[in-house]
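Here are a few exercises to work through with the model open in your viewer. Try each task before reading its solution.

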Amino acid sequence: MSTARQITATVAAIIAAVIETMVVYQWHVQECSMTSLFVGVIGYTLLLGGAWAFIDQQIKEREK
């Protein structure tokens, strides 16, 4: 794995962790159910994972 891909993967993981932590905290403060929290975390993980996969694919293509 190239350095650029490693950096983007690390940045994406940090961004995902921060966003998911903020979402869980805010939704917990608003007294949302555990199901909502779980679905929110899964949803944001999939959304950010898809964005990272797109960026990773673009990096792979440019490295060829």
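Helices here are DSSP runs of type H or I with at least four residues, numbered from the N terminus. By that rule, Asp-56 lies in helix α2. Keep in mind that this is a predicted model.

**Exercise 1. Find the salt bridge and say which parts of the chain it joins.**

Solution.
- Begin with the count: the structure holds one salt bridge.
- Next, identify the partners, which are Asp-56 and Arg-5, with their closest N and O atoms 2.7 Å apart.
- Check the distance against the cut-off: a salt bridge needs a Lys or Arg side-chain nitrogen within 4 Å of a carboxyl oxygen of Asp or Glu.
- Now place both residues: Arg-5 is in helix α1 (residues 3–29) and Asp-56 in helix α2 (residues 34–63), so the pair ties together parts that are 51 residues apart in sequence.
- Finally, the two side chains also make a polar contact, again at 2.7 Å.

**Exercise 2. Is Asp-56 buried or exposed, and which other residues of α2 share its class?**

Solution.
- Recall the cut-off: buried means under 20% relative accessible area.
- Asp-56 has a relative accessible area of 6%, so it is buried.
- Its partner Arg-5 is buried as well.
- Within α2, the buried residues are Leu-37, Gly-40, Asp-56 and Ile-59.
- As for what covers these residues, α1 is included.

**Exercise 3. Test whether the end-to-end distance of α2 agrees with its number of residues.**

Solution.
- Take the 30 residues of α2 at 1.5 Å a residue, which gives an expected span of 44 Å.
- The multiplication uses one less than the number of residues.
- Compare this with the model: the end C-alpha atoms of α2 are 43 Å apart, which agrees.

**Exercise 4. Which residues form a nonpolar patch on the surface?**

Solution.
- The members are Phe-38, Val-39, Ile-42 and Leu-46, and together they have about 430 Å² of accessible area.
- Pick one of them to inspect: Phe-38 is found in helix α2.
- With a relative accessible area of 58%, Phe-38 is exposed, since the cut-off for that class is over 50%.

**Exercise 5. Where does Glu-31 lie, and what is unusual to check in its backbone?**

Solution.
- Locate Glu-31 in the loop between α1 and α2.
- Look at phi: Glu-31 has a positive value of about 60 degrees, although it is not a glycine.
- For its surroundings, the relative accessibility of Glu-31 is 73%, so it counts as exposed.

Key:
Residues numbered from 1 in each chain as written. Predicted model: local features only at pLDDT ≥ 70, side-chain atom pairs only at ≥ 80, totals over all residues. Heavy atoms only, no water. Helix = DSSP H or I, 4+ residues; strand = E, 2+ residues; numbered from the N terminus. Buried < 20%, exposed > 50% of the residue type's maximum accessible area, 1.4 Å probe, protein only. Contact = heavy atoms within 4.5 Å. Patch = residues over 30% accessible without salt bridge, like charges linked within 9 Å, V, L, I, M, F, W, Y side chains within 5 Å. Areas by Shrake-Rupley, 256 points an atom, 1.4 Å probe, with all protein chains shown as cover. Polar contact = N/O pair within 3.5 Å; in protein donor to acceptor, adjacent residues only side chain to side chain.
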